[in-house]
Amino acid sequence: MPRPQQRMIGFTIDGLEVQAPENAMLVDAAKHGDVEIPVFCYEPKLGQPVGACRMCLVEIEGIPKLQTGCSTPVKDGMVVHTRSERVQAAQRSVVEFLLVNHPLDCPVCDKGGECPLQDISFGWGAGISRFIEPKRHFVKPLELSPLVAIDRERCILCYRCVRFSQEVAEDDQLVFAERGADSFVATFDGRPYVAPFSGNIIELCPVGALTSRAYRFRARPWDVEDAGSVCTFCPAQCNLTVTVRDERALRVLARDNPDVDDGWLCDKGRFGYQSIHVDQRVTEPLVRDGGRLRAVSWERALSEAAAGLARSGARTGAIAGGQSTNEEGFLLARLLREALGSPHLDSRRAGALELDLLRALAAPALAARTSDLEFAHAVLVLDAEPIDDAPILDLRLRKGVRRHGLRLAVASPRASSLDASASLSVRYAPGAGAAFVRALRAALAGEQHEQLALAAGAEPGAVRELVALLRGAEEGHPTPSPAAERRAGAREVVILWGERLTAGPNGAAAARSLLAIAESLALASTDGAGLLELPAGANGRGLREAGVLPNAGPGLAPAPAVISATLAGADDAGAGGGGGGAGGGELDPADAVAIAQALADGELSALYLLQCDPVRELAPARLWERALAAAGAVIAHAAFLTAAIAEHADVVFPAESYAEKEGTIVHPDGRLQRLRPAIARPGLVRAGWQVLAELGLRLGSDLDVLTATMASRQLFEAVPFYRGLTLEEIGGRGVRWQERAAASAFPAPAAGAEQLLRDQELVAPGEEADELAGYRSLWDAPEVEFSPALRFLFAGRQRPRPALGVPAT
């Protein structure tokens with residue numbers, strides 16, 4: 001679907017000739033002439049304006065009555081007055097009317113100092129009130145939810161919160177109760193407003209009626225500083241602003257980036273910052289001594305870790321978690337391959353894919369943008385649940401359906417939160433994603449697909465309906481043939497798919513079918529169409545591009561040949577054994593599942609975990625429990641002692657939070673974003689890149705990294721399609737590498753199209769297939785478990801919480 005084309009027109013406002021986009025609302029168009037029109041109810045992100053507050057009244061020549069600037073589109077030649085006597089009188093009256101029932105409690109109001117009502121009263125109000133009667137009163141403050149407090153006396157009935165609930169999040173929980181002057185914001189039957197995006201109403205509220213219970217009375221605007229950052233709690237990577245006082249994060253606000261998050265945050269991203277400062281956080285190095293993890297000096301922790309790695313040598317495996325930066329992953333890969341001679345590292349929960357398939361799926365021509373989810377003709381959500389995998393994309397899809405006529409299809413093994421908004425929902429059996437895409441592939445090609453669909457646990461008729469939706473057929477009309485579609489012009493179709501689709505023994509077959517579907521729909525040659533993968537980890541894409549894969553180096557180049565290193569003491573420990581290879585020769589690389597199996601079988605002896613708890617985050621969990629128990633040495637970077645880390649780790653390095661890190665990450669659509677330190681690291685916490693560089697030195701391999709900037713520079717030089725990139729170019733908005741000239745250096749698959757798209761027979765999945773293809777709740781995470789505000793949402797509340805000094809069991 002074509003994006004709205006902007007045509008600039010000229011109009012006059014307060015005597016100034018201004019150029020602005022045609023049909024922009026006057027409130028927005030006035031900003032092009034540096035003219036401010038005051039508003040309360042207007043917020044472009046909420047959709048069509050409602051003109052509820054009347055604060056934006058303006059005078060337009062040729063129209064006898066005053067008009068609302070928030071709902072009047074600008075036209076060529078329009079003459080507007082915002083400071084005439086009529087307008088000023090109306091604005092003073094509106095302010096006076098709004099203050100009739102509003103309490104004058106600014107000194108004790110959390111919004112004081114950053115309140116639009118304060119600013120507008122000062123700038124556009126009369127300064128006095130003629131109202132002497134008693135104001136209305138409510139019980140205050142009330143808990144609208146465990147996260148939000150409401151003071152109904154302060155509410156000016158702007159409708160923002162109610163509109164967000166009903167028209168953006170579509171949870172329909174907030175309503176206006178009563179009528180007239182007795183109206184107030186409420187929920188049905190007084191139930192708590194618990195929803196994934198409820199915290200956004202705090203930021204939308206233009207007065208102090210809705211406040212954060214976690215931030216109330218913590219600080220004043222003049223006591224704090226703001227620092228921009230990026231959330232790494234999920235692949236959505238929302239841009240945010242951290243409110244900082246005395247090196248503590250006190251609040252998180254959205255930092256509007258239309259190309260990433262549309263200005264919204266989920267509650268996990270908004271309130272999860274509290275986990276940064278809790279007592280349970282690891283803030284000093286720990287070493288297992290006498291069966292307990294005890295706090296030690298950095299010198300001892302580094303020595304113990306280096307000794308354990310040296311003993312294992314090439315028999316070491318490593319897993320990078322999704323919250324690791326590109327630089328940390330890049331240095332981890334260098335440490336394993338150069339210092340230890342081990343090729344056994346991974347960052348994909350789903351396990352390894354053939355290098356050619358990885359390249360084909362990540363090809364620039366097939367890369368859809370986040371905004372394409374909103375403007376495409378059709379979107380297929382395939383084996384993904386955005387509300388759990390990347391919540392903000394759930395809002396983006398709802399917006400596309402609501403505003404732009406997007407036709408949404410959902411194909412998954414379980415009910416989806418998007419089913420109500422979807423034009424079509426298709427179900428198939430759990431773990432049968434590969435079989436389903438094979439059936440869809442056959443149906444798109446006009447081949448027999450009925451038996452394939454039934455084998456996947458799907459209805460053949462539903463598969464045909466899905467083909468019709470993707471091809472653009474209307475109800476009652478036949479599906480156009482591929483040739484007819486090419487003549488008419490390809491439709492913009494985006495396939496939003498989850499990493500779990502390519503998990504297990506049939507992962508390669510699923511990837512081939514997905515590529516064949518993209519070929520059938522001409523996604524590579526259609527602007528605004530393509531594939532968009534939701535990785536299991538927040539920075540899953542970036543870690544792959546940095547080379548944290550068993551079969552690929554930086555930039556998805558072939559993995560460098562690894563020769564087992566000769567380390568002090570390594571020979572006695574059998575360092576050259578590797579993952580099944582013989583000492584001194586090239587070793588066979590192992591992916592995440594193979595690393596777990598090799599550890600359990602004794603073929604690998606050490607495991608390096610970079611911000612990853614494999615029992616909690618990877619699959620199969622039981623295999624990982626056996627692997628950790630059998631490992632001779634487990635070295636972990638961790639912010640919290642989760643059960644597996646507390647029981648099995650021999651050395652624990654305290655990990656940084658996203659608010660303390662410096663480095664880069666990559667959004668699922670290829671946008672590199674920059675992390676900058678917003679607060680100082682607590683206790684003895686060190687930067688992850690610094691720990692990896694120090695370990696490299698102790699293992700006899702100088703990684704030549706002294707600063708985070710040096711690590712970034714090494715990464716940009718090592719990845720061909722990042723070449724020439726600088727941190728300054730990334731800036732605060734990020735850069736999609738596909739849109740840079742260096743994207744031409746992206747490696748093409750070595751295999752031809754026929755080989756890539758061949759139909760691959762499926763194998764019977766093992767017991768672990770369902771677990772590999774499983775879904776993980778948005779709320780099943782340490783930052784939820786340990787955040788005081790979010791703990792009530794924690795999906796694993798029954799798990800024991802280990803503390804420092806707890807002996808291994």
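Two strands count as paired if DSSP finds at least two bridges between them. Keep that in mind for strand S16, residues 316–320, and S17: two bridges join them, and they run parallel. One more thing before we go on: this is a predicted model.

Within that pair, Ile319 sits opposite Asp346 of S17. Now the whole sheet. Seven strands, open, mixed pairing, in the order S15-S14-S25-S24-S23-S16-S17. At the edges are strand S15 (292–295) and strand S17 (345–346), each pairing on one side only.

Next, the helices. Helix H7, residues 298–312, lies across strand S14 (286–289), S16, strand S23 (606–610), S24 and strand S25 (651–654). H7 runs at about 130° to S25. Helix H8, residues 326–339, also packs on the sheet. H8 touches S16, S17 and S23, and its direction makes about 165° with that of S23.

Let's zoom in on strand S24, residues 633–638, where we find His637. Is His637 buried or exposed? Buried, because its relative accessibility is 4%, and the cut-off for buried is under 20%. The side chains of His637 and Tyr608 share a polar contact of 2.6 Å. Beyond its sequence neighbours within four places, His637 also contacts Phe653, Ala655, Gly688 and Val691, among others.

Tyr608 and Phe653 come up again in the core. The largest nonpolar core has 108 residues, and those with the most contacts inside it are Leu382, Phe436, Tyr608, Phe653 and Leu695. Helix H13, residues 433–444, gives this core its largest share, eight residues. Apart from it lies another core, of 89 residues, including Leu144 and Phe271.

Methods: Residues are numbered from 1 along each chain as its sequence is written. This is a predicted model: local features need pLDDT of at least 70, side-chain atom pairs count only at pLDDT 80 or more; totals for chains, interfaces and linings use all residues. Side-chain values use heavy atoms; hydrogens and water are left out. Helices (H or I, at least four residues) and strands (E, at least two) are DSSP runs, numbered from the N terminus. Buried means under 20% relative accessible area, exposed over 50%, partly exposed in between (1.4 Å probe, protein chains only). A polar contact is a pair of N or O atoms within 3.5 Å; within protein, one must be able to donate a hydrogen and the other to accept it, and residues adjacent in sequence count only if both atoms are side-chain atoms. Contact means heavy atoms within 4.5 Å. A nonpolar core is a set of buried Ala, Val, Leu, Ile, Met, Phe, Trp, Tyr and Cys residues joined through side-chain atoms within 4.5 Å. Axes are lines fitted to C-alpha atoms, for helices over the stretch in contact, and angles run from 0 to 180 degrees between N-to-C directions.
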